[in-house]
Amino acid sequence: MNFSSEQPRIIVVGSSSIDLVLETDKLPAPNETIMARKSGNYFGGKGANQAVGAARLGASVYFIGCVGMDPLGQQIMRNLVNEGVNVGFVAETDKDATGTAYVTTSNGNAAIVVIPAANNFLSPEHIDAADKYFHTTDLVLVQLEVSRKTVEYAIQKAKKYGKKVGLYASPAIPLSEEILDMVDFIVAKSSELYIIFGEDQREEVLKKYFNKVFVRDDTNSTIYFDGTEMKYFRNNTDNTIHKMGMGDAFTSGFAIALCHGNSIEECVKFGNEVSARVSLERGSQTGLPIKSDFV
């Protein structure tokens, strides 16, 4: 992985939330009550995770999102500012509360319920407000925790100006051929290929979208097709305990490596390394590494 002398400019369009994480001995069965060993509040949301991840790795990051006009929204805004993320295009709405997520985790497995709330109010008008920054950015990152209409609009605007686009296709929804063709790289979970592509044969998906679709599982492995052969990389140690945010970390690491002109293989390796470091800490943003960890 090589870092060029240029600072990448990245726009992240997506969600932010406060995550309440409960640590238990097992995941509860239906109608079962169990006791938690520990609880904690963490900053989350796939968009905010990727914005913080990219900023820590040295990028100039603009985040386009929406929070409620409440104390949780203010906490998110302060955290993003403290992380060096520009929040000039984070909207505030009085129509709903700030997004939250409730996570029960046990032995590396998790059950997650997300309440999008204010995230649902992120609209194409908010994308238009940042139009001049789409002119100058190097890459736009999107995920699927805000409305499909807004995600598609952001992708279309980025491509209008000839910019690279990365999509973390989670939570999975069916995506049109038009959108799949427009984006430059797609990160997807191995268990969700049929939802996204209408095809659950991994090799068929990877061969159709060679050097473009990167399929991951919760062991921090990534597989893709380079046009000639399947390429498989895995960064997994006995310390891989906390799996929240690993996909976001991979996506931000891959994006940074791509902006610095690295090969696809090096982008995948770096993404895996960033993801592995996140797994060492609780919370989706806590363990995100900084650029100086690698240079």
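Reader: How many aromatic pairs does the structure hold?

Author: This predicted model holds 11 aromatic pairs. Rings of Phe, Tyr and Trp (its six-membered ring) pair if their centres lie within 6.5 Å; planes under 30 degrees apart are stacked, over 60 edge-to-face, and the rest tilted.

Reader: Why is the pair of phenylalanine 3 and phenylalanine 270 called edge-to-face?

Author: Their ring centres are 5.9 Å apart and the planes stand at 85 degrees, so the pair goes down as edge-to-face. This pair also links distant parts of the chain, 267 residues apart: phenylalanine 3 sits in the segment before strand E1 (9-13), and phenylalanine 270 in helix H10. Helices (H or I, at least four residues) and strands (E, at least two) are DSSP runs numbered from the N terminus.

Reader: How do you decide which features and atoms to use?

Author: In this predicted model, local features need pLDDT of at least 70 and side-chain atom pairs 80 or more, while totals for chains, interfaces and linings use all residues. Residues are numbered from 1 along each chain as its sequence is written, and side-chain values use heavy atoms, leaving out hydrogens and water.

Reader: At what angle do helix H9 and helix H10 pack?

Author: About 140 degrees, with the axes of H9 (residues 246-259) and H10 (residues 264-278) 7 Å apart. The axes are lines fitted to C-alpha atoms over the stretch in contact, and angles run from 0 to 180 degrees between N-to-C directions.

Reader: What makes up the contact of H9 with H10: nonpolar, polar or charged residues?

Author: There are 13 nonpolar, four polar and no charged residues. Ala, Val, Leu, Ile, Met, Phe, Trp, Tyr, Cys and Pro count as nonpolar, Asp, Glu, Lys and Arg as charged, and the others, Gly among them, as polar. Among the residues that meet are Phe250 and Phe254 in H9, and Phe270 and Val274 in H10; contact means heavy atoms within 4.5 Å.

Reader: By class, what does the lining of the largest pocket have?

Author: That lining has 13 nonpolar, 21 polar and 14 charged residues. E6 gives the most, with five residues.

Reader: What is special about the peptide bond between serine 170 and proline 171?

Author: That bond is cis, with omega about -5 degrees. Proline 171 is in the loop between strand E9 (164-168) and helix H6 (177-182).

Reader: And what makes asparagine 31 stand out?

Author: Its phi is near 65 degrees, a positive value in a residue other than glycine. Most residues other than glycine have a negative phi. Asparagine 31 has its place in the loop between E2 and E3.
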